[in-house]
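Let's take a friendly look at the charged side-chain pairs in this protein. Where do they sit, and what surrounds them?

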Amino acid sequence: MATGHAPGNPVPAVRTYPPVEHPVVVVGPQYLAQYPVELTVSTKLWTLGENDFKVSDINGTLIFQVKSKVLTLHDRRFLKDAAGNTLVNLRQKIMTMHRRWEAFRGESKDEKDLLFTAKKSKLYQFKTELDIFLGKNKGKVPDFKVKGGYRESSCSVLLGDSNTMLAQMHRKHTLASTILATDSFGVTVYPNVDYAFIAALVVILDEINADRSGED
């Protein structure tokens with residue numbers, strides 16, 4: 001039996017993760033890696049008054065956790081490190097035409113600690129697309145974009161209006177997740193991209209997609 005490839009037969013391509021030209025730092029430089037970071041985000045379904053997440057690496061080690069306060073005037077999510085220190089708090093602004101989330105450093109609500117704002121690109125859309133503006137960006141051109149809501153199985157985080165990929169997410173369907181009533185998806189964060197920032201975006205995506213109407 002021949003073991004080599006016959007001339008002209010294609011060889012499967014190797015996936016490469018070209019580093020971004022400049023490091024993408026939003027939460028902090030300590031969350032940059034020189035290699036692709038593979039994360040698994042899992043959440044229990046149908047929890048009353050809260051929707052908590054665990055973010056683990058490929059070995060199952062807890063990297064981040066997300067705690068919720070939803071039975072309040074403003075829905076809030078807290079992205080914490082494994083030790084329980086709050087890195088980012090995410091706050092939904094209800095009274096806006098486009099559903100909008102604001103991310104602040106630590107547990108602050110001060111404008112000076114605003115890290116970024118995320119909102120739907122369009123008022124009506126079949127697939128979730130988000131525009132993300134860094135705290136100091138008061139213009140109309142987003143710093144980042146999320147295309148394709150993960151309810152459609154996969155989505156990507158892009159740099160501005162470019163095709164430069166920063167991260168990809170895909171939903172995982174396993175027997176264990178069905179039995180344990182958990183929801184999980186994988187996230188690949190490209191080299192030199194702040195993986196705490198990407199984790200925060202995943203939380204916002206989950207919240208926006210949880211709204212069945214899709215009209216805000």
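The report below goes through the salt bridges of this structure, which is a predicted model.

## Salt bridges in the model

The model contains three salt bridges. Each has its own section below.

## Lys-145 and Asp-131

Here the closest N and O atoms are 2.6 Å apart, and they join Lys-145 to Asp-131 in a salt bridge. Lys-145 belongs to strand S9 and Asp-131 to strand S8, so this pair ties together parts of the sequence that are 14 residues apart.

Are these two residues buried or exposed? Lys-145 has a relative accessibility of 13% and is therefore buried. Asp-131 is buried as well, because its relative accessible area is 10%.

## Lys-138 and Glu-111

Lys-138 pairs with Glu-111 in a salt bridge whose closest N and O atoms lie 3.4 Å apart. The two residues come from distant parts of the chain, 27 residues apart. You will find Lys-138 in the loop between strand S8 (129–134) and strand S9 (144–147), while Glu-111 is in the loop between strand S6 (100–105) and strand S7 (114–120).

Lys-138 is exposed, with 64% relative accessibility. Its partner Glu-111 is exposed too, at a relative accessible area of 53%; the cut-off for exposed is over 50%.

## Lys-112 and Asp-113

The side chains of Lys-112 and Asp-113 also form a salt bridge, at 3.2 Å from N to O. This pair joins an exposed residue to a buried one: Lys-112 is exposed at a relative accessible area of 69%, whereas Asp-113 is buried at 18%. Buried means under 20%, so Asp-113 meets that cut-off.

Technical notes:
Residues numbered from 1 in each chain as written. Predicted model: local features only at pLDDT ≥ 70, side-chain atom pairs only at ≥ 80, totals over all residues. Heavy atoms only, no water. Salt bridge = Lys/Arg side-chain N within 4 Å of Asp/Glu carboxyl O. Helix = DSSP H or I, 4+ residues; strand = E, 2+ residues; numbered from the N terminus. Buried < 20%, exposed > 50% of the residue type's maximum accessible area, 1.4 Å probe, protein only.
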